[in-house]
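Got your viewer open? Then load the model and let's take a walk through it, one selection at a time.

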Amino acid sequence: MELNKLPLVLAATGLLFTSCQKDETAPETQELLNNEAPSSSQIPKEVIEKVNNLHFNSDYIETFELTLPGGATETTYLIENDIAMSADQLDKLSTADITSKQYRTYNLVSSPRTINVIGYTGTGYGQNLSNKMQQALQRAVANYNDLSIGLTFNLSFGTNYSSSDIVVYKTSNGQAGGVAGFPSGGNPYKFVQIFSGMESYSTSTNEHVITHEIGHTLGLRHTDWFSRQSCGQSGESANPDGAVHIPGTETGYDANSVMLACFSANESGNFGGDDEKALEYLY
């Protein structure tokens, strides 16, 4: 039976930015019921043009209030239901900054280095990770540490996140998915939101969403950005000009990638083979 797919959300220093086409899928961002695209009619024309020039799908743009740990908010543009960019980020990214399959940005994390990740446990604003989410975060970090790359991930839990490279916290909006962003200045995007609706999913599916969002913070784009096939949205293409293939990975639709735009309710939480190849090539 075919159920609604759920998309993922991603944010990045002003840029926010999940899985194969299976029986039930959900997007990692805000949940898009019936996979309807948000209206871009109120978005300034120049923003739509910049999004197109960056080879993102301009059919999916809306304003988005990014809530940070502690309740502060920032206004960004939410793109492709799982990518959020500030106006400043749009200005700083060039059309050459988007590459491909597995797809990445030229904004990468400096390596070798240790990435300090903290799972936020502060109870204010309902932003503390649940026990299930904490277990999923531990698994997601293990996914990255199992790779042969120049990045080592150190995980802790607490509330003092000022010195951490990545903060993973909950947003109590009842939706399924998450939000994260692209690297900047050689550092990963700092804030990863996991939506409270993920509590209804298995630990493995939570692991999948968190692994996906951390992938964004390291510079990975959606594997099917050109079609959103994982969301059941065929026939929509993004301009591939300027996309650069990551050597050793497939060039067609990869049903096993953790970086697909939408995810199912029954994910393993593990990387696909090409996800691993891509990260090992980049780092």
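Start by selecting Ser 148, which sits in the loop between H3 and S9. With a relative accessibility of 61%, Ser 148 counts as exposed. Now add Leu 279 to the selection: the two residues are 131 apart in sequence, yet their C-alpha atoms are 8.7 Å apart in space. Keep in mind as you go that this is a predicted model.

**Zoom out for a moment**

Show the whole chain as a cartoon. How many helices and strands does the protein chain have? There are 5 helices and 13 strands to find. The chain has 283 residues, and 58% of them are buried. Switch on a surface and you are looking at about 10,500 Å² of exposed area, with carbon and sulfur atoms supplying 43% of it.

**Two helices that pack**

Next, select helix H3, residues 131-145, together with H4. A pair like this is described by the angle between the two axes and by how far apart the axes are. Here the axes are 8 Å apart and the angle is about 55°. H3 and H4 are therefore oblique to each other. Turn the view until one helix lies in front of the other: the crossing of H3 past H4 is right-handed.

**The loop leading to H3**

Stay in this area and pick Tyr 125, in the loop between S8 and H3. Its backbone is worth a click: Tyr 125 is not a glycine, but its phi is positive, at about 65°. Is Tyr 125 buried or exposed? It counts as exposed, because its relative accessibility is 62%.

Leu 129 is also found in the loop between S8 and H3. Leu 129, however, has 3% relative accessibility and so counts as buried. Draw a distance from the C-alpha of Leu 129 to that of Phe 195 and you should get 9.8 Å, for two residues that are 66 apart along the chain.

**A cis bond before S8**

Now go to Pro 112, in the loop between helix H2 (87-92) and S8. Which residue comes before Pro 112 in its cis peptide bond? It is Ser 111, and the omega of this bond is near 0°.

**Rings**

Time to show the aromatic side chains. Across the whole structure there are 7 aromatic pairs. One of them is Tyr 120 with Tyr 161, an edge-to-face pair with 6.0 Å from centre to centre and 75° between the planes. Tyr 120 belongs to strand S8 (residues 113-120), while Tyr 161 is in the loop between strand S9 (151-158) and strand S10 (166-171), so this pair ties together parts that are 41 residues apart in sequence. Colour by accessibility if you can: Tyr 120 has a relative accessible area of 9%, so it is buried.

From Tyr 161, step across to Phe 191. These two rings are edge-to-face because their planes stand at 80°, and their centres are 6.1 Å apart. Once more the pair links distant parts of the chain, with Tyr 161 in the loop between S9 and S10 and Phe 191 in strand S12 (residues 191-195), 30 residues away. Phe 191 counts as buried, since its relative accessibility is 16%.

Now select Tyr 120, Tyr 161, Tyr 169, Tyr 189 and Phe 191 together, and you have one aromatic cluster on the screen.

**Asp 165 and its partners**

Keep the loop between S9 and S10 in view, and pick Asp 165 there. At 15% relative accessibility, under the 20% cut-off, Asp 165 counts as buried. What does the side chain of Asp 165 contact? Show Arg 113: its side chain and that of Asp 165 are joined by a polar contact of 3.2 Å. Then show the backbone of Asn 116, where the nitrogen is reached by the Asp 165 side chain at 2.7 Å.

**Last stop: Ser 230**

Finish at Ser 230, in the loop between helix H4 (203-217) and strand S13 (262-264). Is Ser 230 buried or exposed? It counts as buried, because its relative accessibility is 0%. Hide the surface to see what the side chain does. It reaches the backbone nitrogen of Ala 261 at 3.3 Å. A polar atom of the Ser 230 side chain also lies 2.9 Å from the backbone nitrogen of Cys 262.

Key. Residues numbered from 1 in each chain as written. Predicted model: local features only at pLDDT ≥ 70, side-chain atom pairs only at ≥ 80, totals over all residues. Heavy atoms only, no water. Helix = DSSP H or I, 4+ residues; strand = E, 2+ residues; numbered from the N terminus. Buried < 20%, exposed > 50% of the residue type's maximum accessible area, 1.4 Å probe, protein only. Polar contact = N/O pair within 3.5 Å; in protein donor to acceptor, adjacent residues only side chain to side chain. Areas by Shrake-Rupley, 256 points an atom, 1.4 Å probe, with all protein chains shown as cover. Phe/Tyr/Trp six-rings, centres within 6.5 Å; stacked < 30°, edge-to-face > 60°. Axes fitted to C-alpha atoms, helices over the stretch in contact; angles between N-to-C directions. Parallel < 35°, antiparallel > 145°, perpendicular 65-115°, else oblique. Left-handed = near helix turned anticlockwise from the far one by under 90°.
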